[in-house]
Amino acid sequence: MNKKAFGTITSGQEASLYTISNSKGMSIAVTDFGVTVVSVFVKDKEGKVRDVVLGYDDVSGYVKNICYFGATVGRNCNRISDAKITIDGTVYELENNDRGNNLHSGSHSLSRVIWNVAEQTDSKIVFEYQSPDLEEGYPGNATVRVTIEVTEDNDFAISYYAVSDKKTLFNMTNHCYFNLNGHASGKVLDQILCINASGYTPVQNEKSIPTGEILPVEGTPFDFRVEKPIGRDIAAKHEQIGYSGGYDHNFAIDRTKDGLEHAAYAYSTESGIRMDVYTDCLGVQLYSANGIAGQVGKGKAVYPDQSAFCLETQYFPNAINEPNFVTPVFDAGVPYESKTLYRFSIE
């Protein structure tokens, strides 16, 4: 495990960058600022190492990170309607940071703070953060841990644990932007994607709050049950596509068992790199990076729109306010736990 300085955030705190690896040449660089994944290095079909996630060269880019490149998002990921939640009759006001809604818990959420390193080995690192009661409006003093690991199976493994002294909301994810040809290689529209989901949650309008329905993907641009290029239907004349200029929707994973389910896979015929996604979550958000144009990333690469895709595992968006969805509310003392694997191989 390698550690180096990664710059200073606005509070004056120093951020560090940690690199973990396995014996097969795969490595992950992650900073303690927001438990943000900066790089994922994997070998392509010719044995050349490629960095397959978008990001920035130092912490200053992540402080301004409006796209949430690589961020660990919490206490709640995705959107909450009207920027408020109600738990046992008490209304908690959240930050309105997304056209009347709360997005990714607000502008001072867990992705914007320095975490402590609780444990570290050459291949694994455990980050911990004590989130005080009503931080960003969420009730309860919470202990939150995120474990990032590189396994000998070439897994980029993420585990989440959180427990609070009050009934509260937990729904965490990682917001890596993947490009299986390398972070600076341009658009991903030719890369192949398959999602194990026969339903998705449509949104009301361009604010991307779900309607509460779970609609079939069959006959729509959202049908990824049979693999296809990400770009095949991305410009289809479909109301849901029009709301976000591409994909920014939650898919209801076809779960057949408890524990880890094979939720999705993607691969590039150019690099030969394949990524399989396994998760214990109910949903996965496909985001086709429709709003990142002009971001200047690592090595001064300029990222165009649709130069990556995100597969964010999660409870369904706005689930706390939607009776048709499984709620992500946990009683005091009852832990929230979740795990997702991004497994890399050669197609």
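## A tour from the whole chain to two buried strand residues

Start with everything displayed: of the 347 residues of the protein chain, 59% count as buried. Keep in mind that this is a predicted model.

**Whole chain, cartoon view.** Colour by secondary structure. The protein chain has two helices and 29 strands. Its radius of gyration is 19 Å, close to the 20 Å that the globule rule gives for 347 residues, so the chain is as compact as a globular protein of that length. Turn the C-alpha trace along its principal axes: the spans are about 60 × 50 × 40 Å.

**Contacts along the chain.** Take contacts between residues at least 6 apart in sequence. Of these, 65% join residues at least 24 apart.

**Surface and charges.** Switch to a surface view. The protein chain exposes about 13300 Å², and carbon and sulfur atoms supply 46% of that area. Now pick out the charges, 30 positive and 44 negative. Their mean positions lie 4 Å apart.

**The largest nonpolar core.** Hide the surface and select F156 and F344. Which core do they belong to? Both sit in the largest nonpolar core, which has 60 residues, and they touch the most other members. Next, select strand β13, residues 142-150. This strand gives the most to the core, with five residues. Another core lies apart from it, with 22 residues. To find that second core, select A29, F69, Y177 and A289, which are among its members. As background, nonpolar side chains in soluble globular proteins tend to be buried together.

**I158.** Move to strand β14, residues 155-164, and select I158 within it. Is I158 buried or exposed? Its relative accessible area is 1%, so I158 is buried. Show its neighbours, leaving out residues up to four places away in sequence: I158 touches V146, T147, I148, N174, S338, K339, T340 and Y342. Then draw a C-alpha to C-alpha distance from I158 to S338. The two residues are 180 apart in sequence but 8.3 Å apart in space.

**S131.** Last stop: strand β12, residues 124-131, which contains S131. Relative accessibility here is 2%; the cut-off for buried is under 20%, so S131 counts as buried. Beyond residues up to four places away in sequence, S131 touches R75, L110, G140, N141 and A142. Finish with the C-alpha to C-alpha distance from S131 to N141. These residues are ten apart in sequence and 5.8 Å apart in space.

How values were computed
Residues numbered from 1 in each chain as written. Predicted model: local features only at pLDDT ≥ 70, side-chain atom pairs only at ≥ 80, totals over all residues. Heavy atoms only, no water. Core = buried A, V, L, I, M, F, W, Y, C linked by side-chain atoms within 4.5 Å. Buried < 20%, exposed > 50% of the residue type's maximum accessible area, 1.4 Å probe, protein only. Helix = DSSP H or I, 4+ residues; strand = E, 2+ residues; numbered from the N terminus. Rg over C-alpha atoms; globule rule 2.2 N^0.38 Å. Contact = heavy atoms within 4.5 Å. Areas by Shrake-Rupley, 256 points an atom, 1.4 Å probe, with all protein chains shown as cover. Lys, Arg positive; Asp, Glu negative; His and termini not counted. Charge placed at Lys NZ, Arg CZ, Asp CG, Glu CD.
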